[in-house]
Each structure stands twice: as C-alpha cells, then as structure tokens.
Amino acid sequence: MSLPVVIVGGLHAEVRRATVARLLADVPGSVALHHDLATAAAGTVVRTIRDSEGVLFAGEAPLVNDCACCALREDLVPELLRLADDPATRLAVVELWDSVEPRAMAEVVAAGGLTVTGVITAVDPALLLPCLGNGDDLAERGLAAAATDRRTVADTFARQLEYAPVLAVANSPEADDEDRELLAQLHPTARRVPVRGGRLGGPADTSARAGAPEPGPEPRSPLVAAAFAGFDVEAAAAAQHPACALLPAEADAHGVTTFVWRRRRPFHPERLYAALEDLTCAAARSRGRFWLADKPDVLLHWDAAGGALCVESAGPWLASLPDAAWETLPPVRRAAAALDWHPEHGDRRQHLVFTSPGLDRDGLHELLESCLLTDAEYAAGRDAWKRLPPAFDTLLEV
C-alpha cells in the first residue's frame with residue numbers, strides 16, 4: 001500500500017505544531033517530516049523527523065542554487081520514499097515551514113509517486129485580519145524561502161488558507177465573532193476542525209468521507225478523518241484557475257460582508273486603472289476574474305490582499321479560441337465556461353468578490369460601475385474598444 005501523506009501548513013506556527021502533534025498522537029505509526037528554512041542564510045536547511053515520542057532524526061540538507069525552497073523540493077520526496085519503505089510507518093505528516101505554500105508541495109509529493117490524502121492549513125482566527133492586512137515582504141519578516149522571493153505576508157497567507165480543503169482552527173480566546181465570521185466567509189467550503197490547547201475538540205467524524213484506507217487507523221477524531229479523506233492534486237490545481245475558481249457567495253454577518261459583483265460589459269482600461277488603489281484598499285481580501293475592452297481575448301486575474309494587488313493574464317477566454325482547442329483544456333474549465341456562456345460575449349465576464357469587516361458595499365458598487373464602458377462606448381464596438389489607451393500594459397508587462 002502507498003504511504004498516505006498529509007500536508008500541514010500555515011503561517012500560524014503554534015497552531016500548525018499543535019495540529020501535527022495531535023496527528024502524531026492519534027495515528028499509531030505516524031511520523032512528521034519538517035524542513036526548517038530559517039537557517040537558509042547559513043547555507044543549510046535543517047531536516048527533522050519525529051514521532052509522538054520525540055525527534056527520531058535531525059540533519060541538514062544543503063541549499064540548491066542558493067534556494068532553501070529548492071532544497072526542500074529536492075529532499076522531500078526521497079525522504080518520504082525512505083519512510084514508505086518502513087512497514088511500521090502508517091502516515092507521513094509533512095509539516096511545512098511558515099511561508100511554504102501547500103499547493104507547491106502537494107504537487108511535488110504527487111509527482112514523486114506518493115499519495116497525498118489530505119491538505120490542512122492551521123489558522124488562529126485572532127491573527128486572520130492582521131495577516132491579511134500585512135503587506136510586508138516576506139524577506140522583511142525573515143520568512144522568504146529564497147533570495148528572489150518577492151511574496152508578501154498577506155498574499156502568501158491567503159493562498160495557504162484558500163487552497164486547503166481543511167482548516168485546523170485554534171480556539172483562541174482573543175478571537176471574536178467577527179474573526180470567526182471572516183474566516184467562514186473567506187473559505188466557506190472548508191471543513192473546519194477546532195484545536196483547543198493543542199488538542200482537537202469535537203466528536204469523531206464517522207461519515208463515509210472520514211473513513212481511512214485499509215489498513216489504517218480508525219477515525220478517532222475529525223482531524224484523523226481529514227488526514228485520510230483523500231485529496232485530488234490535479235483537481236485542486238484546476239480549481240485554482242481564475243476561470244473556474246469557486247469564489248465565495250454574498251454574505252453579511254457579525255460586521256463582515258462579502259460583496260459579489262458580476263457584469264458582462266467590459267471595463268474601460270483607463271478608468272479602471274485610475275480606481276485600482278481605491279478598489280484594492282476597500283477590502284481585506286478581493287479576488288476574481290475580469291476583462292478589459294482593449295484586450296477582449298485575455299482573461300485577467302484579480303488577486304488582492306494586504307493593500308497590494310496582483311493583476312496577471314490567466315490565458316485566453318474560451319470564447320476567443322477555435323472549437324478544436326476546447327478539447328485540450330481540463331473538463332472543469334470547459335464546464336465552467338459552458339455554464340456561464342453568453343450569446344454575445346461567451347465566457348467573458350466581470351466576477352469580482354470583496355470580503356472584509358466594515359465593507360462599504362454601496363461605495364464599491366458605484367465605483368466598479370463607473371469603470372465599465374458607457375452606453376456610447378459600448379455601442380462603438382470592438383474595433384473602437386481596441387483603440388482605447390492600453391493603461392494596463394505596464395502592469396501586465398506587455
């Protein structure tokens with residue numbers, strides 16, 4: 001039987017460590033593998049393997065091309081394969097270092113021929129808003145995984161949170177209803193498992209989804225159930241594409257609002273560019289897809305957190321492709337386009353989602369509407385649209 005591998009990540013290190021400790025205690029024969037990238041400046045990555053009783057092995061993995069994260073990638077799969085050769089090992093827990101993102105490591109593990117059975121991000125709700133509002137570069141906080149790492153605390157945390165289907169949530173006394181509601185609205189489809197003082201609360205999950213593969217441990221807790229629930233790496237990657245990402249729905253509770261804005265008409269590039277700062281700062285988190293009148297064939301990805309916005313091309317809209325090209329695309333992408341098809345614009349549309357405490361929903365709506373083409377501009381047609389000033393070319397590095 002292939003060794004089950006569960007990945008546990010997150011910037012909230014105390015909750016992450018408590019989650020890993022609980023897994024080791026609950027699953028006999030489980031071991032945790034951790035690569036500490038904090039020592040990368042000294043030229044090494046510290047690898048630790050431990051079980052519920054303590055450290056079994058500690059050693060060093062050399063840097064690869066002066067990149068700590070590259071060293072992790074090169075060292076992770078061989079170590080997991082070595083653990084898989086030991087019949088006493090029933091579960092490998094990969095505890096990621098603070099800023100390492102679970103998607104990248106899940107794909108590395110799967111590409112190495114191992115089976116990822118779960119991905120969990122550990123979260124302290126009291127730290128949710130401070131992390132999402134932190135626009136500092138990871139390097140400023142000593143959290144960069146490589147010298148070329150230009151990520152921020154906010155965007156890294158957002159990706160860690162939104163990729164994982166399971167959240168291990170600390171029962172933090174500092175967290176209030178607003179914090180917990182923000183978490184629920186940011187990732188409404190996640191299974192949330194409570195962590196109390198390093199122990200997981202709540203009754204055992206005995207649903208069909210909770211069953212562990214045979215042979216394997218009985219599901220004694222929701223966390224064990226989540227660790228063995230199964231995880232489709234390819235489907236998770238496809239679901240991250242801006243064209244078919246499952247974005248949150250409208251919500252408003254405990255002072256937190258999720259505002260969903262959808263339109264078919266394209267944006268005027270200059271007016272949208274002029275509004276970017278106000279739109280980016282309007283919410284703790286915003287994401288989605290959009291299109292510009294001067295670039296009607298390009299699907300653009302909107303990804304904002306911590307007061308910083310990333311706009312990038314996510315490839316073509318399917319409406320701009322010949323029919324034969326559809327067969328080369330993942331089924332989930334084709335299905336998303338077909339469900340959202342418009343007789344004139346195809347799958348082109350604005351779909352932006354803003355989530356934040358104290359959100360000015362009406363102000364956001366008015367500002368976004370003002371950035372669309374006017375009736376006269378729209379009536380001028382696509383040839384005229386393409387002659388509009390290309391305000392986003394610098395941002396998109398065209």
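## A guided look at the fold, from Leu132 outward

Leu132 sits in helix 4, which covers residues 128-132; helices here are DSSP runs of H or I with at least four residues, strands are E runs of at least two, and both are numbered from the N terminus. This is a predicted model, in which local features need pLDDT of at least 70 and side-chain atom pairs count only at pLDDT 80 or more, while totals for chains, interfaces and linings use all residues. Residues are numbered from 1 along each chain as its sequence is written, and side-chain values use heavy atoms, with hydrogens and water left out.

**Leu132 and its surroundings**

- Leu132 counts as buried because its relative accessible area is 2%; buried means under 20%, exposed over 50%, and partly exposed in between, with a 1.4 Å probe and protein chains only.
- Setting aside neighbours within four places in sequence, Leu132 is in contact with residues including Ala154, Phe157, Ala158 and Leu186, where contact means heavy atoms within 4.5 Å.
- Ala284, Arg285, Ala305 and Gly306 are also among the contacts of Leu132.
- Pro269 is 137 residues from Leu132 along the chain, and their C-alpha atoms are separated by 27 Å.

**The whole protein**

- The protein contains 13 helices and 15 strands.
- Its radius of gyration is 22 Å, which agrees with the value near 21 Å for a compact globule of 398 residues; the radius is taken over C-alpha atoms, and the globule rule is 2.2 Å times the number of residues to the power 0.38.
- The C-alpha trace spans about 70 × 45 × 45 Å along its principal axes.
- Buried residues make up 54% of the 398 in the protein.
- Among contacts with a separation of 6 or more, 70% join residues 24 or more positions apart.
- About 17200 Å² of the protein is exposed, and carbon and sulfur atoms supply 51% of that area; the areas come from the Shrake-Rupley method with a 1.4 Å probe, and for residues only the protein chains shown count as cover.
- There are 37 positive and 57 negative side chains, and the centres of the two sets lie 4 Å apart; Lys and Arg count as positive, Asp and Glu as negative, and His and the chain ends are not counted.
- Each charge is placed at NZ of Lys, CZ of Arg, CG of Asp or CD of Glu.

**The nonpolar core**

- The largest nonpolar core has 58 residues, and Ile7, Leu80 and Leu128 have the most contacts inside it.
- Helix 2 supplies the largest share of this core, with eight residues.
- Such a core is a set of buried Ala, Val, Leu, Ile, Met, Phe, Trp, Tyr and Cys residues joined through side-chain atoms within 4.5 Å.
- In soluble globular proteins, nonpolar side chains tend to be buried together.
- Not counting residues up to four places away in sequence, Leu128 touches His12, Val123, Phe157, Leu161, Asp179, Leu182, Leu183 and Leu186.

**Two more buried residues**

- Thr280 is found in helix 9, residues 269-280, and is buried, with a relative accessible area of 5%.
- Beyond its neighbours within four places in sequence, Thr280 is in contact with Trp302, Ala304, Gly307, Ala308 and Leu309.
- Trp385 belongs to helix 13, residues 382-385, and is buried at 3% relative accessible area.
- Trp385 and Pro266 are 119 residues apart in sequence, yet 9.3 Å apart in space from C-alpha to C-alpha.
- Pro266 is also in contact with Trp385, whose other partners outside four places in sequence include Trp291, His345, Leu373 and Tyr378.

**Loop residues**

- Val64 is found in the loop between strand 4 (54-62) and helix 2 (68-84), and counts as partly exposed at 24% relative accessibility.
- Leaving out neighbours within four places in sequence, Val64 is in contact with Cys70, Ala71 and Glu74.
- The C-alpha atoms of Val64 and Asp179 are separated by 39 Å, with their positions 115 residues apart along the chain.
- Arg90 lies in the loop between helix 2 and strand 5 (91-95) and is partly exposed at 32% relative accessible area.
- Gly29 is 61 residues from Arg90 along the chain, and their C-alpha atoms are separated by 5.1 Å.
- His254 lies in the loop between strand 10 (251-253) and strand 11 (256-263) and is partly exposed, with a relative accessible area of 49%.
- His254 has a positive phi of about 50° although it is not a glycine.
- Most residues other than glycine have a negative phi.
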